[in-house]
Amino acid sequence: MSDAGSDQSEGRVGLGRRFWRSVFRGPLYPRDDRERKWVVVNNLILHFRPVQLPARSLKYTHTFGLGGMSLVLFLLLAATGVLLMFVYEPSPERAYESIRALENEVFFGKLVRNIHHWSANFLIAVVFLHLLRVYFTGGYHAPRQFNWLIGLTLLLCVLVSNFTGYLLPWDQLSYWAITICTGMIGYVPLIGEWLQGVIRGGPEIGSATLINFYTFHTTVVPVLLIVLMAWHFWRVRKAHGVVVPRAPGEELEEKPESVLALPNLLMREFAVALILVAFVMAFSVFVNAPLDAAANPGMSPNPAKAPWYFVGFQELLFHFHGSFAVVVIPLLVAAALVLLPYLRYDHQGEGVWFVSLRGRQLGVAAALIALVVTPLWIVLDEYWIDYAAWLSGLPPVLREGALPFAVLLALIVGLYIAIRRRFSASRVEAVQAMFVLLGVAFAILTITGVWFRGAGMALAWPWNL
Amino acid sequence: MSDRRPEVETKGPDSTVGASSRRSFLWKIWLGLGGLAVLEYIWLAADFLRPRGSGPADDAESIIIAGAVERFSPGSVTAFPTGKFYLARLENGGFLALSRECTHLGCTVPWIDDEARFVCPCHSSAYDMRGDVLNPPAPRALDNYAVRIENGIVKVDVSRPLKRRSFEYAQIVLP
Ligand code: HEM
Ligand code: FES
């Protein structure tokens with residue numbers, strides 16, 4: 001390895017400089033491209049990133065920096081989370097009081113809690129957007145198939161992390177949100193009750209639940225996240241950076257012009273990181289994390305809602321029997337996400353936003369269909385459809401589960417076939433249209449649950465909540 | 001697995017067929033032992049995570065003494081916050097101890113005296129005085145607890161909720 005300058009006479013160099021040189025392998029201030037490469041290769045952290053990359057993949061609107069933003073939010077969470085751990089006491093008697101003390105007595109305690117809270121919520125949103133970016137730019141095809149799976153595991157970890165953290169303040173909001181979410185697990189056939197017992201650490205939510213959640217939140221999930229993120233970044237590097245962007249129909253030259261990651265990529269990412277940190281800080285100064293009254297197991301609030309990222313599933317529970325809303329549909333969606341990169345596609349459209357021009361048109365059409373059908377279904381189900389009265393002869397699993405699910409499935413499959421035949425869409429375009437359809441439907445379910453469900457979870461206007 | 005070994009070794013003098021199959025056999029054993037260690041850890045972790053505090057509580061704690069029979073007028077529902085149940089005395093004078101946990105997703109259901117029904121604040125399931133579902137999404141009747149009447153004193157065993165699909169006459173305990 002070229003240790004530039006190490007052959008100068010050591011004796012003349014001051015202790016400070018010699019110390020820094022012992023810390024950083026290679027040059028401190030790289031002067032030319034060769035040295036810049038060495039800085040990246042020789043640095044434990046930087047070497048997770050590519051050394052050089054195609055110039056065109058620097059374009060901001062190709063990745064929107066969403067992956068890097070996820071990392072920055074994770075670092076903010078780790079930094080503030082460690083501080084919170086010094087104050088927080090994970091027991092039902094002390095948890096709420098310790099959060100109150102944090103907010104009112106600890107120096108900048110409220111700000112630290114706010115930063116932790118908002119970073120966590122932004123992280124969910126940013127990771128979702130990152131998933132969408134990767135999907136719609138075709139970044140999941142070989143050789144990146146497995147990195148898509150690592151990404152999905154990261155998403156799962158981020159969700160578990162948020163969910164376990166949600167309980168910790170032990171206020172009305174968290175206590176009942178966790179009650180109904182773990183209540184949903186009870187609908188899993190056969191093992192539901194056992195699983196619920198394991199997650200709660202007993203038959204009801206109490207100190208064992210809090211210990212379970214606290215341990216997962218502060219140890220298990222963060223460690224998993226760090227390991228998986230390192231793996232994720234390294235796989236991006238091994239795939240020679242992100243998928244190279246191109247316009248629809250454009251062929252890429254064999255060897256696209258490439259530039260060094262330092263400074264071109266790393267400085268851009270640094271700028272995005274600084275802006276993001278500034279934004280989170282400012283937001284946390286002005287908007288407080290919610291803290292309701294202390295948890296009261298004797299009184300449920302009205303309405304009781306899951307955390308916003310699970311409200312879509314909670315909404316499903318109003319339209320499908322539990323075993324479909326909690327088991328069949330989520331498992332099918334998860335299986336579809338896992339299989340996406342491994343389907344046999346005739347052509348791929350890697351690097352092109354939405355595959356092709358036709359892909360874009362079909363995507364818009366699918367979004368419009370979902371935009372009409374989903375609210376219609378929700379409203380009809382609320383005010384008109386009454387399976388119990390119409391089909392009283394059938395058991396609930398069939399009339400409220402299998403039947404509406406079959407209708408839904410027929411709709412999706414029919415639409416898929418129609419798109420393939422009528423518009424002679426390629427498989428990747430048709431699958432993408434279905435992805436858009438279901439994605440928009442899920443977004444509408446979530447929006448309905450968050451803003452359009454009031455007392456008793458009846459439909460209501462946001463201004464009447 | 002033998003193709004995993006570095007070049008040099010395969011060229012070594014002792015790399016006879018016997019040695020390499022012996023190595024691959026040992027390699028498999030190590031692999032198996034490693035797998036076993038992982039399984040043991042998972043088993044251990046599962047045991048640590050096993051529901052705690054759910055074991056049969058001792059009688060003194062799980063039997064709640066509700067009071068004398070005459071204290072409860074027929075057609076009334078009395079809340080017992082410490083035992084987390086309601087004691088219903090039906091019109092015929094029989095007793096029924098109902099869990100306050102909604103069977104939909106587990107919210108706590110208050111008794112609404114004016115309407116003579118339990119209404120869940122979370123997703124508006126409703127139950128009648130006997131715990132039967134009046135209004136979905138609740139999938140089944142409220143759980144009940146075993147009631148005993150000894151010497152005119154009503155006692156409720158809250159150690160284990162009894163799951164039931166709907167109300168049945170046999171669940172009533174007559175004084
Ligand atoms: C904690 C969560 C995550 C972090 C920190 C993260 C970070 C990153 C970073 C820094 C990149 C480089 C390009 C970019 O910035 O967009 C990247 C690329 C990628 N990510 Fe993620 N990611 C996360 C979650 C996910 C999820 C949920 C998925 C999808 C299931 C995913 C799939 C991918 C794939 C396939 C690539 C390569 C894309 C390409 O080459 O165009 N990641 N990720
Ligand atoms: S928890 Fe009672 S209706 Fe949902």
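Hi everyone, let me start with a patch on the surface: V364(A), L368(A), I369(A), L371(A), V372(A), V373(A), L403(A), V407(A) and L411(A) together make a nonpolar surface patch of about 730 Å². Two elements of chain A each give two or more residues to this patch, α14 (357-383) and α16 (396-422). The most comes from α14(A), with six residues, and L368(A) has its place in that helix. A patch here takes residues with over 30% relative accessible area and no salt bridge, nonpolar side chains being joined within 5 Å. A salt bridge would be a side-chain nitrogen of Lys or Arg within 4 Å of a carboxyl oxygen of Asp or Glu.

A word on the source: this is a predicted model, where local features need pLDDT of at least 70 and side-chain atom pairs count only at pLDDT 80 or more, while totals for chains, interfaces and linings use all residues. Residues are numbered from 1 along each chain as its sequence is written, chains are lettered from A in the order in which they are written, and side-chain values use heavy atoms, without hydrogens and water.

Now to the whole chain. Chain A has 17 helices and two strands, taken as DSSP runs (H or I, at least four residues; E, at least two). Its C-alpha trace spans about 90 × 65 × 40 Å along the principal axes.

How much of chain A is buried? Of its 465 residues, 45% are, meaning under 20% relative accessible area with a 1.4 Å probe, protein chains only.

Finally, contacts, with heavy atoms within 4.5 Å: among those between residues at least 6 apart in sequence, 77% join residues at least 24 apart. Thanks for listening!

Note on methods:
Buried < 20%, exposed > 50% of the residue type's maximum accessible area, 1.4 Å probe, protein only. Patch = residues over 30% accessible without salt bridge, like charges linked within 9 Å, V, L, I, M, F, W, Y side chains within 5 Å. Areas by Shrake-Rupley, 256 points an atom, 1.4 Å probe, with all protein chains shown as cover.
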